[in-house]
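The following account leads the reader through a single protein chain, from one of its loops to its sheet, its core and its charged contacts. Please keep the sequence and the coordinates at hand while reading.

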Amino acid sequence: ENMKQLVNYMPRRFSLMDEWDRLLSGINTRGHASYRPVVDIHEDENHYVLEAELPGFDETNVDITVADNLLTVASKAAETDETKDYVVRERRTHAFTRSFVLPKDVDRESISAAFANGILTLELAKTPEAKPRKIEIKRK
């Protein structure tokens with residue numbers, strides 16, 4: 001298994017054309033701007049590492065769940081102070097959900113998460129069976 005199997009999971013509820021149009025436009029099906037955090041994923045010999053940019057969020061309003069082979073990162077929109085009389089308001093907080101299909105070689109029991117400077121980092125350890133091992137050649 002390799003990292004290319006760690007792919008976005010997006011269930012299909014509408015026709016393929018509806019989904020394609022929604023993805024291209026950045027607008028959700030209710031006509032509101034959608035928020036989808038950007039993610040980097042890299043791999044080394046022992047882990048996959050997923051880093052998600054979550055500006056304005058922290059560990060108190062982000063949930064991470066694993067069910068079968070699906071890893072989901074989700075949040076509620078952060079609380080905003082509606083009593084302020086904004087002159088300009090460009091920053092918005094949005095709820096989001098991102099799901100990823102986990103490769104078979106991920107040890108689901110040892111996934112760890114850390115949050116610092118608006119970056120959520122998930123370490124997905126590989127199972128011992130998936131790690132490369134060197135086989136010694138014996139002289140006869």
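Asn117 counts as exposed, with a relative accessibility of 80%. The model examined here is a predicted one. Asn117 lies in the loop between E7 and E8, and its phi is positive, at about 50 degrees, although the residue is not a glycine. A second non-glycine residue with a positive phi is Asp68, for which the angle is about 55 degrees. Asp68 is located in the loop between strand E4 (62-67) and E5, and its relative accessible area of 71% makes this residue exposed.

The two strands that flank Asn117 belong to an open sheet of 4 strands, arranged in the order E2-E3-E8-E7 with antiparallel pairing. Because strand E2 (39-43) and strand E7 (112-116) each have a single partner strand, they stand at the edges, and one side of each is left without a neighbour in the sheet. On average, and with direction ignored, neighbouring strands of this sheet are turned by 15 degrees against each other. In general, the strands of a sheet pair through backbone hydrogen bonds, in either a parallel or an antiparallel manner.

Within this sheet, strand E3 (residues 47-53) and strand E8 (residues 119-125) are paired in the antiparallel sense over 7 bridges. One point of reference is Glu53, whose bridge partner in E8 is Ile119.

Strands E3 and E8 also contribute to the nonpolar core. The largest such core has 15 residues, of which Leu50, Leu54, Leu71, Leu120 and Leu124 touch the most other members. Two or more residues of this core come from each of E3, strand E5 (70-75), strand E6 (96-101) and E8. Nonpolar side chains tend to be buried together in soluble globular proteins. What is Leu71 in contact with, leaving aside its neighbours within four places in sequence? Its contacts include Leu50, Leu122 and Leu124, as well as Ile64, Val66 and Phe100. Among the other contacts of Leu71 are Thr65, Arg98 and Ser99.

The charged contacts remain to be described. The count of salt bridges comes to 1, and this bridge joins the side chains of Glu43 and Lys126 at 2.5 Å, N to O. The pair links distant parts of the chain, since Glu43 is in strand E2 and Lys126 is in the segment after E8, 83 residues apart. Glu43 is partly exposed, with a relative accessible area of 35%, whereas Lys126 counts as buried at 8% relative accessibility.

Conventions
Residues numbered from 1 in each chain as written. Predicted model: local features only at pLDDT ≥ 70, side-chain atom pairs only at ≥ 80, totals over all residues. Heavy atoms only, no water. Pairing = 2+ DSSP bridges. Axes fitted to C-alpha atoms, helices over the stretch in contact; angles between N-to-C directions. Core = buried A, V, L, I, M, F, W, Y, C linked by side-chain atoms within 4.5 Å. Buried < 20%, exposed > 50% of the residue type's maximum accessible area, 1.4 Å probe, protein only. Contact = heavy atoms within 4.5 Å. Salt bridge = Lys/Arg side-chain N within 4 Å of Asp/Glu carboxyl O.
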